[in-house]
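Me: Hi! I would like to learn how to read a protein structure step by step. Could you take me through this one?

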Amino acid sequence: MTIQTLDKTGSATEHEARLEAATAVPVEKAPAKPKAGRGPSKLAGALRRLAPGKGSGGSPVLIWAVFFRSVVLIADYVLASMTAMVVIPMLGAWLHRQSGAASGDLTMAGTVAMWIAPLLFVVLLLAAAEIAAMRGMWRWSTRRIQAVRDARTPTLTPATAAPRTTRPSKKTNRKRSN
């Protein structure tokens, strides 16, 4: 008998090892866990458990509404802050250098025409684009909340939807001759 056999079975003799092997109850293997990179992640599984279903389980609609609106408001805040604190000052500095206002060669009218007016125009374009993006995100969250609400309420089908047998009367204005 080898050392490996002793380690595996814990028996002292080969005869006992054979008896244990012959009378061993087959052990069912546990289901294999998905390997990393395959299958859903833990976060996806948690979100799937929280996702609304047709039953009464899952999170309330109010929690989903607060979640989606919070995500949109945070994204709006980050977008507006980054534009106001990073994009616009960098654009202003670039326009200031490119227009020649940095060298002091321009008059006040030239500074307005070559630097301030283009900057104001680009800032207004950025503001309009941000407002459109923010409205789009708000509408997206509204659609997601409505999907959650629709999944929570059972679909009501009319039980006695009889087909319409009478034809609708046409109402036309014609002159009648006497």
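Reply: Happy to! Helices and strands here are runs assigned by DSSP, with at least four residues for a helix and at least two for a strand, numbered from the N terminus. Please keep in mind that this is a predicted model.

Me: How many helices and how many strands are there in the chain?

Reply: The chain has 5 helices and 0 strands. Read from the N terminus on, the order is α-α-α-α-α.

Me: And what share of the residues is buried?

Reply: Buried means under 20% relative accessible area, and exposed means over 50%. In this chain of 178 residues, 13% are buried. The chain exposes about 15,100 Å², and carbon and sulfur atoms supply 65% of that area.

Me: What do the contacts tell me about residues that are 24 or more positions apart?

Reply: Contact means heavy atoms within 4.5 Å. Among the contacts in the chain with a separation of 6 or more, 62% are between residues 24 or more positions apart. You can also look at pairs of C-alpha atoms. Ala93 and Leu119 are 26 residues apart along the chain, and their C-alpha atoms are separated by 9.7 Å. Trp94 and Trp115 are 21 residues apart in sequence, with 9.6 Å from C-alpha to C-alpha.

Me: Where do Ala93 and Trp94 sit, and are they buried or exposed?

Reply: Ala93 is in helix α4, and Trp94 lies in helix α4 too. Partly exposed is the class between buried and exposed. Ala93 belongs there because its relative accessible area is 36%. Trp94 counts as partly exposed because its relative accessibility is 44%.

Me: Which charged side chain is nearest to Asp76 with the opposite charge?

Reply: A salt bridge needs a side-chain nitrogen of Lys or Arg within 4 Å of a carboxyl oxygen of Asp or Glu. Asp76 is buried but has no salt bridge, and the nearest side chain of opposite charge is Arg69, 8.9 Å away. Asp76 is located in helix α4, which covers residues 61-99. Setting aside neighbours within four places in sequence, Asp76 touches Met134 and Met137.

Me: Which residues form the positive surface patch?

Reply: For a charged patch, like charges are joined within 9 Å. Here Arg135, Arg139, Arg143 and Arg144 form a positive surface patch. Take Arg143, found in helix α5 (residues 108-152). Arg143 counts as exposed because its relative accessibility is 53%.

Me: And which residues make the nonpolar surface patch?

Reply: Nonpolar side chains are joined within 5 Å. The nonpolar patch has about 830 Å² and is made by Ile74, Tyr77, Val78, Met82, Met85, Val86, Val87 and Met90. One of its members, Val86, is in helix α4. Val86 counts as partly exposed because its relative accessibility is 32%.

Methods: Residues are numbered from 1 along each chain as its sequence is written. This is a predicted model: local features need pLDDT of at least 70, side-chain atom pairs count only at pLDDT 80 or more; totals for chains, interfaces and linings use all residues. Side-chain values use heavy atoms; hydrogens and water are left out. Buried means under 20% relative accessible area, exposed over 50%, partly exposed in between (1.4 Å probe, protein chains only). Accessible areas come from the Shrake-Rupley method with a 1.4 Å probe; for residues, only the protein chains shown count as cover. Lys and Arg count as positive and Asp and Glu as negative; His and the chain ends are not counted. Patches are made of residues with over 30% relative accessible area and no salt bridge: like charges are joined within 9 Å, nonpolar side chains (Val, Leu, Ile, Met, Phe, Trp, Tyr) within 5 Å. The place of a charge is taken as NZ of Lys, CZ of Arg, CG of Asp or CD of Glu.
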